[in-house]
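Reader: I have a new structure open and I'm not sure how to read it. Could you walk me through it, one feature at a time?

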Amino acid sequence: MASQQAFIDKANNRKFFQNLWRTDLMGTLKADPPYWCFALWCGPCSSYVLRKRALYGDMRRYKCCAGYMPCSGRCGESKCPEFAYTHQVCCCFGNSVGSTRFRLQDELNIKTTKCDNCIIGTMVVLGYLACLCRILALVTGDDEIEDAAHILTCMSDTVYYTLMLRWQTQHKIELDKRDGKFGDAPMTIPPMQQMSRLDQPYGPTVGYPPSYGVPPYGQPQPPPQQGYPAPAPGFPPSSALGYNPGGYPPPQQQPGYWR
């Protein structure tokens with residue numbers, strides 16, 4: 001019971017993941033067409049390669065279904081993990097792909113999107129409907145219900161295999177991102193920041209020379225002056241410019257403007 005509760009807790013924790021897959025399911029064909037075709041024509045081989053990459057090339061870390069199923073660790077995979085996983089990808093292909101996906105999600109904190117849940121739910125519903133139609137066809141002997149069961153089975157299988165190849169392409173792209181094959185620049189550590197103190201000057205005086213005429217912090221400010229302020233050093237006095245510092249000059253002192 002404790003192990004089953006641990007599996008349930010892992011599944012519930014994925015609801016709080018915040019990261020997204022580098023490529024969504026609908027964009028996998030455009031993102032990596034060669035691997036999309038490889039996953040389409042040789043799904044078990046693709047699943048084997050991706051699980052080995054997810055384990056960083058060390059198959060000694062392999063467990064059946066990545067440790068998410070009750071059979072994990074009970075299939076003798078510790079003695080010959082390559083042989084055990086070869087059997088899994090051939091006999092339990094869907095579980096091999098799904099367990100690789102769960103491992104990547106738990107390692108990289110990747111959440112399941114609503115689009116993923118919608119596609120998975122569609123696949124499951126089609127499978128259940130096909131199973132119910134087959135049961136009804138056996139009970140009633142109706143050929144039309146049997147034909148409907150075949151159609152629903154074909155639709156369910158189509159969605160299933162399409163989802164598997166898109167999942168595997170998505171896993172491959174995410175592993176390329178994790179292993180740094182996209183050329184992303186590594187994150188750098190920001191420089192150390194120094195906290196300011198209450199007795200430390202701040203404002204416009206910090207880093208400026210005293211020639212700007214701004215008194216340091218903590219000294220009394222000069223009283224406000226009437227009219228125009230005193231000229232800056234290097235400028236002639238206001239009387240030499242022909243106007244009164246206390247206000248605007250009279251009109252008769254500016255010929256050409258006031259007539």
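Author: Sure. Let's start with a term: helices here are DSSP runs of at least four residues, numbered from the N terminus. Glu174, for example, lies in helix 8, which covers residues 143–178. Keep in mind that this is a predicted model.

Reader: How many helices and strands does the protein chain have?

Author: The chain has eight helices and zero strands. Reading from the N terminus, the elements go α-α-α-α-α-α-α-α.

Reader: What share of the 259 residues is buried?

Author: A residue counts as buried when its relative accessible area is under 20%. By that cut-off, buried residues make up 26% of the 259 in the protein chain. You can also look at contacts: of those with a separation of 6 or more, 67% are between residues 24 or more positions apart.

Reader: Back to Glu174, then. Is Glu174 buried, and which side chain of opposite charge is nearest?

Author: Glu174 is buried, and it has no salt bridge. The nearest side chain of opposite charge belongs to Lys177, 4.1 Å away. A salt bridge needs the nitrogen and the carboxyl oxygen within 4 Å, so the 4.1 Å to Lys177 does not qualify. If you set aside neighbours within four places in sequence, Glu174 is in contact with Leu20, Trp21, Arg22, Leu108 and Ile110.

Reader: How many salt bridges are there in the whole structure?

Author: A search of the whole structure turns up nine. Take Asp116 and Arg101: their closest N and O atoms are 3.2 Å apart. This pair links distant parts of the chain, with Asp116 in helix 7 and Arg101 in helix 6, 15 residues apart.

Reader: Are Asp116 and Arg101 buried or exposed?

Author: Asp116 is buried, at a relative accessible area of 3%. Arg101 also counts as buried, at 3% relative accessibility.

Reader: Which side chain does Glu107 meet in a salt bridge?

Author: Glu107 meets Arg178, at 3.4 Å from N to O. Glu107 is in helix 6 and Arg178 in helix 8, so this salt bridge ties together parts that are 71 residues apart in sequence. Glu107 itself is partly exposed, with a relative accessible area of 32%.

Reader: And what about Arg134 and Glu146, how far apart are their closest N and O atoms?

Author: Those atoms are 3.6 Å apart, and the two residues form a salt bridge. Arg134 belongs to helix 7 and Glu146 to helix 8, so the pair ties together parts twelve residues apart in sequence. Arg134 counts as partly exposed at 30% relative accessibility, and Glu146 is partly exposed too, at 25%. Elsewhere, salt bridges that share partners join Asp32, Arg53, Glu107, Lys172, Asp176, Arg178 and Asp179 into one network.

Reader: Now for empty space. How much of it lies in the largest pocket?

Author: Here's the general idea: rolling a probe the size of a water molecule over the atoms shows where empty space is left. In this model, the largest pocket holds about 380 Å³ of space. Its lining is made up of 18 residues, and Arg14, Gly98, Phe102, Gln105 and Thr112 lie nearest the centre.

Reader: Which helix supplies the largest share of that lining?

Author: Helix 6 does, with seven residues. Helix 6 (93–108) and helix 7 (114–140) each supply at least two residues. By type, the lining divides into seven nonpolar, seven polar and four charged residues.

Reader: I'd like to look at backbone angles too. What is the phi of Tyr56?

Author: Tyr56 has a positive phi of about 60°, although it is not a glycine. You'll find Tyr56 in the loop between helix 4 (43–54) and helix 5, and it counts as partly exposed at 49% relative accessibility. Asn109 is another residue other than glycine with a positive phi, near 55°. Asn109 sits in the loop between helix 6 and helix 7, and at 37% relative accessibility it counts as partly exposed.

Reader: One last stop: where is Cys90, and is it buried or exposed?

Author: Cys90 lies in helix 5, residues 81–91, and counts as exposed at 57% relative accessibility. Its C-alpha atom is separated by 9.7 Å from that of Tyr48, 42 residues away along the chain.

Definitions and conventions
Residues are numbered from 1 along each chain as its sequence is written. This is a predicted model: local features need pLDDT of at least 70, side-chain atom pairs count only at pLDDT 80 or more; totals for chains, interfaces and linings use all residues. Side-chain values use heavy atoms; hydrogens and water are left out. Buried means under 20% relative accessible area, exposed over 50%, partly exposed in between (1.4 Å probe, protein chains only). Lys and Arg count as positive and Asp and Glu as negative; His and the chain ends are not counted. Contact means heavy atoms within 4.5 Å. On a 1 Å grid over the protein atoms alone, a cavity is a set of points where a 1.4 Å probe fits but cannot get out, and a pocket is an open set with protein on both sides within 12 Å along at least five of seven lines; lining residues have an atom within 4 Å of a point. Grid points are joined across faces, edges and corners, and a volume is the space filled by probe spheres set on the points. Ala, Val, Leu, Ile, Met, Phe, Trp, Tyr, Cys and Pro count as nonpolar, Asp, Glu, Lys and Arg as charged, and the others, Gly among them, as polar.
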